[in-house]
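Colleague: Could you take a close look at the aromatic pairs of this model for me, and set them against the nonpolar core and the strands around them? A connected account would help me more than a list.

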Amino acid sequence: MNLLEEPTEGSVIFEGIEYGPGVSDSKPKRGKALDLRRQVGMVFQQFNLFPHLSAIDNIALAVHSVTGKSKEEARERAALELKKVGLIKWAMNHPAQLSGGQQQRVAIARALSLDPKLMLFDEPTSALDPELVGEVLAVMRQLAETGMTMVVVTHEMGFAKEVGDQCIFMEDGYIVASGGADFFDTCTNERARQFIGSVL
């Protein structure tokens, strides 16, 4: 969706601007992938933090590089975001000194520090031990409550049921069922129902 993978067909229309190879009939204004990525925060499955930098510097580097803010301003913004995710006490710790859940919260803070209009989460809890999943989901739940638009790829069905207002069930790369906030109660697709029943 943010064109890290170059699509072979189709396109993404975001904020009235079309990105990707496809061209729609309405011919909206065309945009470049980099312009899209500047508006979309991304949290990966495997954290992707720089191991030689502290938590605060992992965030500050992104702010300084992308926005052009001074290093001091970037560190101030990084501290603010660490505070929001409950990690200000660990600001000077390096990734190896943090739990998986803490590392993922640093990654979320890094994405938020760039003021995205949309957040993408790619299986943000799948690399975590079960007891650490809750702390990451709590941060994401807080984001949802602020009205942040998020696209979340997840196997955490309880979380999806609780916060999702548009749910899509995919199998083998295809959409097999979709629905609104009541998806988990009204879905009629047999395969989706089996999966939901096995995990909820």
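Modeller: I will begin with the core and then come to the rings, bearing in mind throughout that this is a predicted model. The largest nonpolar core has 34 residues, and those with the most contacts inside it are Leu82, Val106, Ile108, Met119 and Phe121. Two or more residues of this core come from each of helix H2 (55-67), helix H3 (71-84), helix H4 (100-112), strand E5 (118-122) and helix H5 (130-146), and H5 gives the most, with 7 residues.

Turning to the aromatic rings, the structure holds 2 aromatic pairs. In one of them, the ring centres of phenylalanine 169 and phenylalanine 195 are 5.6 Å apart and the planes stand at 55°, so this pair is tilted, given that only angles over 60 degrees count as edge-to-face and those under 30 as stacked. Because phenylalanine 169 lies in strand E7 (residues 166-171) while phenylalanine 195 lies in helix H8 (residues 190-199), the pair ties together parts that are 26 residues apart in sequence. Both phenylalanine 169 and phenylalanine 195 are buried.

The other pair is made by phenylalanine 183 and phenylalanine 184, whose ring centres are 5.5 Å apart and whose planes stand at 85°, so this pair is edge-to-face. Phenylalanine 183 is buried, with a relative accessible area of 4%, and phenylalanine 184 is likewise buried, with a relative accessible area of 5%.

The strand that carries phenylalanine 169 deserves a further look. E7 pairs with strand E8 (residues 174-180) in the antiparallel sense, over 6 bridges, and within that pairing the bridge partner of phenylalanine 169 in E8 is alanine 177, while cysteine 167 stands opposite glycine 179 in E8. The hairpin of E7 and E8 has 2 residues between the strands, and in this hairpin aspartate 172 takes a positive phi near 55°.

At the surface, Ile168, Met170 and Ile175 form a nonpolar patch, with about 320 Å² of accessible area together. Methionine 170, one of these patch residues, lies in strand E7, so E7 holds both this surface residue and phenylalanine 169, which is buried.

How values were computed. Residues numbered from 1 in each chain as written. Predicted model: local features only at pLDDT ≥ 70, side-chain atom pairs only at ≥ 80, totals over all residues. Heavy atoms only, no water. Phe/Tyr/Trp six-rings, centres within 6.5 Å; stacked < 30°, edge-to-face > 60°. Helix = DSSP H or I, 4+ residues; strand = E, 2+ residues; numbered from the N terminus. Buried < 20%, exposed > 50% of the residue type's maximum accessible area, 1.4 Å probe, protein only. Pairing = 2+ DSSP bridges. Patch = residues over 30% accessible without salt bridge, like charges linked within 9 Å, V, L, I, M, F, W, Y side chains within 5 Å. Areas by Shrake-Rupley, 256 points an atom, 1.4 Å probe, with all protein chains shown as cover. Salt bridge = Lys/Arg side-chain N within 4 Å of Asp/Glu carboxyl O. Core = buried A, V, L, I, M, F, W, Y, C linked by side-chain atoms within 4.5 Å.
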